[in-house]
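Q: I would like to go through this model with you, one topic at a time. Could we start with how it is divided up?

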Amino acid sequence: MSALAEQSAVAGGTSNPSQVRAALRLGRTRLGLALCLAVIGVALVGPWLVPHSPTDFVAGPFQVRAPGAPLGSDNLGRDVLSRFLAGGKALLILSVLATIAGVGLGTAVGAIAGYFRSTIDNWLMRLTDVVLAFPHIVLALLLVATFGPQPWLIVLAVAIGHAPRTARIVRAATLGVVEHDYIRAAEAVGVPWPSIVFHEIVPAISSPLLAETALRFAYSLTFVSSLSFLGLGLQPPTPDWGVMINENRLALTVAPFGTLLPAAALAILTVGTSLVSDGFSRVVAGVDRGIKS
Amino acid sequence: MPNPSGGLSIAKLIAQRIGSGVLVLVAVSMIVFGATYGLGDPVRAMLGNEATPERVRAVAHELGTDRSLVEQYIAWVEGLLTNEAKSFATGRPVSELLGPRLLNSMILAGSAGLVAVLLGVAGGIASAFWRDRSLERLASLISLVLVALPEFVTGIFLVALLSTGVLHLLPAVYIGSGTVLDPLALILPMTTLVLAAAPYILQLARATMIEVLESDYVRMARLKGISELRVVMIHALPNAIGPIVQTIAIVLAWLAGGVVVVEFLFRFPGIGTAMADAVTNRDLPTVQAISLLIAGLYIVLNILADVIGLLANPRVRHGSR
C-alpha cells in the first residue's frame with residue numbers, strides 16, 4: 001500500500017490523458033474493455049430484444065426447451081432467454097451509482113484529511129477504522145436487516161463500504177501533493193480551502209483515482225450481484241442475473257441455462273472489469289507488482 | 001515512529017494497537033445497536049405492519065424499546081454478555097443457535113485458510129522466482145481471473161463441473177443439519193473459498209518476494225556468486241515472511257465475511273447461512289449477534305496482522321529508526 005502511495009505521488013505530476021492512453025496500449029486493458037463492453041451491450045440493449053416479457057409464464061417449470069423458449073424455462077416457467085436479456089440492466093445501474101457515491105465520498109474524506117492533517121485527519125481516519133472493522137458483506141446485511149431490501153439501500157450499503165477504502169488511497173496520494181509549491185501559492189493568495197482541495201489537489205491525483213474507481217466498480221458488480229444472489233438485493237420477480245442464479249440453481253442438471261447463462265455473463269463482466277482495473281493500476285504504479293488494495 | 005531517539009518500546013506499540021482495537025469494537029457495537037434498534041423499528045420487524053396498536057405497545061414494553069436509547073443500549077450489552085439475547089424467530093437464546101454453527105464455520109474457514117495459505121505462499125514464491133516466464137504469466141492471469149470472479153459464480157461453476165454436469169463426484173448441497181460434518185460435503189465449499197483466497201495470497205506473496213529480490217542486499221548476495229536458490233531461500237525469504245504472514249492474517253479476516261455467500265450457496269450449516277436466513281426473517285437479535293461475532297473476529301485478526309507486521313519489522317523491533 002505504501003509503495004503504491006509513493007508511486008502515485010510521483011504519478012501525480014504527469015497528465016491524466018497520457019496515462020489513460022498508456023493503459024489502453026496494454027493488451028490486458030484492451031481485452032478487458034472488449035469483454036466488459038460485450039456484456040454491458042447485452043445488458044443495455046437486451047431489454048429491447050426480449051421475445052417475451054421477463055415475467056410472463058411461457059411453459060412448465062424447468063423445461064430444457066419449449067416452443068418459443070429456445071433456452072428453456074425457469075423455476076416458474078418464465079422464458080430464460082428473456083430474463084437473461086433483461087437481467088443485467090439493474091445490476092449495472094446500481095453498481096455505477098454505488099461506485100460514484102462511494103468513490104466520491106471517499107475522495108472528499110481522503111483529500112480533506114490529507115490536506116488538513118492534524119485533528120480532522122485523525123478523526124476522519126478513526127471513522128474509517130470503525131467502518132473497516134466490518135467485513136463489507138456484514139455491514140450490508142446489517143443495513144438490509146434493518147430497512148429491508150431496497151435499491152437505494154443496496155447503493156448506500158456498497159458505497160459506505162467503498163468510501164473508507166478509497167479515502168485511504170486518496171489521503172496517501174494527497175500527502176504527496178500538498179507539499180508542492182502551487183498549493184502553497186494558492187494558499188498564499190487566499191484561495192478558499194474547498195477550492196484548493198477540489199480544484200488543485202483532486203485533479204493532481206486523478207490517475208490513482210481512476211485506477212481506484214475501476215477497482216471499486218469491479219467490486220461493486222461482485223457485491224451487488226452477491227446480495228441479489230443471497231435474496232437480499234434485487235427482489236423477485238425482477239429479472240436479475242444474481243436472482244436468476246439463486247432461483248434456478250437447484251435445477252442445474254435438468255435446465256442448466258437458467259443458471260449458467262447469468263453466471264457466465266457475471267464472470268465475463270467481472271473478469272473484464274478487473275483486467276481494465278489491473279491495466280490502470282500497472283500504469284499508475286509504474287511497476288509490475290500485481291498489488292491490489 | 002514517534003520517538004526517534006530512544007525508540008518507542010515494542011510492547012507499548014502493541015498495547016496501543018490493542019487499545020485502539022478495543023475502542024473500535026465498542027464503536028462497532030454501538031453501530032450494530034444503532035443500525036438495528038435505533039434507526040429501524042424492531043417491533044415492526046417482529047410483528048409486521050398489521051399488528052394492533054395495543055400489541056405494538058405491549059411488545060415494545062417487553063423489548064424495552066419504550067425506554068431511552070442509552071438505557072436500551074446498556075440493557076442490550078448486558079443481555080449479550082449474560083447470554084439473554086433471544087432470537088425473534090425461535091424465542092430461544094441466540095447462543096443456542098450459534099454454538100454448533102460457529103464450530104462448523106470455524107472448521108470450514110480454518111481448513112480453507114490452511115490450504116489457501118500453503119498454495120498461495122508456495123505459488124507466490126515460485127512466481128517471483130520464475131517471474132515473466134510464459135508459464136508464470138499464465139498462472140498470474142489465472143489468479144487474476146479467480147480473484148475477480150464473485151465467489152458464488154466460482155461455486156456454481158464447480159458444482160456444474162463436479163456434482164451435476166460433467167462429473168458426479170461430490171454432493172452439490174449439504175444435506176442434514178448435524179454438528180458432525182461429512183468431509184465429502186466440506187470439499188466443495190472449501191474449494192470455493194480456497195479458489196478465492198489463494199490467488200490473492202499468491203499475488204501479494206509474489207509482490208513481496210519481487211520487492212525483496214530487487215533490494216540491494218540481495219543484489220550483493222548475487223554479486224558474491226551465491227547460487228540463486230540459496231539467495232531466495234536463505235537471504236530473501238526471511239525478509240519477506242513478515243509481510244506474507246501479515247497477508248495471511250488479512251485473508252483469514254476476509255474469510256470471516258467471505259463464508260456468508262459460500263455457506264449460503266451450499267446450504268452449509270454455519271453462521272453465514274444463519275446470517276442470511278436471519279436477515280431474510282428480520283430476526284434482529286441473531287443478526288446483531290452474528291455481526292458482532294464476525295466483526296470481533298475480524299478486528300482480532302487485523303490486530304494480529306498489525307502486531308505481526310510490527311514484530312517482523314527490524315526497525316521497530318530494535319527500537320531504532
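A: Certainly. This is a predicted model, and its chain B is divided into domain 1 (1-89 + 281-321) and domain 2 (96-279).

Q: How many residues does each domain of chain B bring to the contact?

A: Domain 1 of chain B contributes 19 residues and domain 2 of chain B contributes 18 residues.

Q: What is the make-up of the domain 1 side?

A: On the side of domain 1 of chain B that touches domain 2 of chain B, there are 12 nonpolar, 6 polar and 1 charged residues.

Q: Moving to the two chains: how many residues does the contact take from each?

A: It takes 44 residues from chain B and 41 residues from chain A.

Q: Which helices of chain B are involved?

A: Those that each supply at least two residues to the side touching chain A include helix 1 (10-39), helix 8 (183-213), helix 10 (228-266) and helix 12 (284-312) of chain B. Helix 6 (134-148), helix 7 (151-164) and helix 11 (271-280) of chain B also belong to this group.

Q: Which one gives the most?

A: Helix 1 of chain B, with 8 residues.

Q: And how do the residues on that side of chain B divide by type?

A: The side of chain B that touches chain A has 33 nonpolar, 9 polar and 2 charged residues.

Q: Back to helix 8 of chain B: where does it bend?

A: The bend is at B:Val194 and amounts to about 25 degrees.

Q: Is helix 8 of chain B mostly covered or mostly exposed?

A: Mostly covered, with 24 of its 31 residues buried.

Q: What is the secondary structure of chain A?

A: Chain A has 13 helices and 0 strands. Its C-alpha trace spans about 75 × 45 × 30 Å along the principal axes.

Q: How much of chain A is buried, and what share of its contacts is between residues 24 or more positions apart?

A: Of its 293 residues, 56% count as buried. Among contacts in chain A with a separation of 6 or more, 72% are between residues 24 or more positions apart.

Q: Where is confidence lowest and highest in chain A?

A: It is lowest in helix 1 (residues 2-11) of chain A, with a mean pLDDT of 38, and highest in helix 5 (residues 89-116) of chain A, at 90. Residues 1-14 of chain A have a pLDDT below 50, and this stretch has 28 contacts in the model beyond near neighbours in sequence. Residues 287-293 of chain A are also below 50, with 16 such contacts. Where pLDDT is low, the predicted coordinates should not be read in detail.

Q: What does chain A average?

A: Its average pLDDT is 80, and 91% of the residues score at least 70.

Definitions and conventions: Residues numbered from 1 in each chain as written. Chains lettered and ligands numbered in written order. Predicted model: local features only at pLDDT ≥ 70, side-chain atom pairs only at ≥ 80, totals over all residues. pLDDT = per-residue confidence, 0-100. Helix = DSSP H or I, 4+ residues; strand = E, 2+ residues; numbered from the N terminus. Contact = placed C-beta atoms within 7 Å. Domains from an automatic or database assignment. Nonpolar A, V, L, I, M, F, W, Y, C, P; charged D, E, K, R; others polar. Bend = angle between axes of the 7 residues up to and from the residue. Buried ≥ 20, exposed ≤ 12 C-beta atoms within 10 Å, placed from the backbone.
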